[in-house]
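Visitor: I should be grateful for a close look at a single part of this model. Please take one helix and describe its surroundings in a connected account.

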Amino acid sequence: MRIILIGGTGTIGGAVYELLSKSHEVVRGTRSGEDLQVNMSSPTSIRAMFAESGNFDALVSTAGQARFAPLAELKDEDFAFTLANKLMGQVNLVRIGRDFVNEGGSFTLTSGILSQQPIVGSAVISLVNAGLEGFARAAALELPGGVRINVVSPPWVCETLVKMGRDPAPGMPAAQVAHAYRESVEGKSTGQVLSP
């Protein structure tokens with residue numbers, strides 16, 4: 001398969017790249033332009049990326065910036081930034097990517113555990129994660145040509161917890177999380193939220 005991987009140099013994205021590139025052609029789209037350059041918050045940038053990349057069999061997004069702060073401290077711009085990046089960025093990958101995905105292809109987006117298990121400071125991230133999951137369930141009913149869509153909802157990732165200065169023990173290694181993405185790409189499910 002020819003797979004476009006958005007965010008393929010991040011913690012989870014890097015592990016997904018390592019796993020999928022063993023048996024598929026994986027093209028990475030990043031802000032810095034690893035193979036393709038894309039700004040998730042810009043529909044114009046997403047359109048330009050697809051115009052450059054051409055058709056694909058699967059798109060996997062492990063990208064999407066989000067702000068984390070207590071509700072009382074979140075400003076309008078924090079909501080606007082997170083909605084434009086992690087939510088609408090991924091939604092627009094599907095909306096615009098429909099014209100480039102091959103018949104029987106798939107989209108795999110990323111939400112996260114905070115949609116189901118919020119913590120203090122996660123209000124805007126929990127909102128976006130839950131929105132992505134609802135979008136995928138609905139979009140699965142309308143995508144033509146046997147095209148599938150799923151969302152992977154990772155738990156806390158060990159490597160991320162270490163970067164945050166927290167105990168990695170409750171987390172899951174990114175390499176293990178990556179298998180849920182492979183299941184979405186290579187499997188038959190659609191409209192599902194996959195939990196590693």
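Guide: The following account concerns helix α1, its partner helix and the nonpolar cores. This is a predicted model, in which local features need pLDDT of at least 70 and side-chain atom pairs count only at pLDDT 80 or more, while totals for chains, interfaces and linings use all residues. Residues are numbered from 1 along each chain as its sequence is written, and side-chain values use heavy atoms, with hydrogens and water left out.

Helices (H or I, at least four residues) and strands (E, at least two) are DSSP runs, numbered from the N terminus. Of the 10 residues of α1, 7 are buried, so this helix is largely enclosed by the rest of the structure. Buried means under 20% relative accessible area, exposed over 50%, and partly exposed in between (1.4 Å probe, protein chains only). The buried residues of α1 are I12, G13, A15, V16, Y17, L19 and L20. Their cover includes β1, β2 (25–30), β4 and α6; contact here means heavy atoms within 4.5 Å.

The partnership with α6 can be described in detail. The axes of α1 (residues 11–20) and α6 (residues 174–186) come within 8 Å and cross at roughly 60°. Axes are lines fitted to C-alpha atoms, for helices over the stretch in contact, and angles run from 0 to 180 degrees between N-to-C directions. The two helices are therefore oblique to each other; angles under 35 degrees count as roughly parallel, over 145 as roughly antiparallel, 65 to 115 as roughly perpendicular and the rest as oblique. On the α1 side, the contact is made by T11, I12, A15, V16, L19 and L20. On the α6 side, A174, A175, V177, A178, H179, Y181, R182 and V185 take part. By class, this contact has 11 nonpolar, 2 polar and 1 charged residues. Ala, Val, Leu, Ile, Met, Phe, Trp, Tyr, Cys and Pro count as nonpolar, Asp, Glu, Lys and Arg as charged, and the others, Gly among them, as polar.

The largest nonpolar core has 29 residues. A nonpolar core is a set of buried Ala, Val, Leu, Ile, Met, Phe, Trp, Tyr and Cys residues joined through side-chain atoms within 4.5 Å. Among the elements giving two or more residues to the largest core are β1 (2–6) and β4 (56–61), while its largest share, 5 residues, comes from α3. Apart from this core lies another, of 21 residues, among them L20, A174, V185 and L194.
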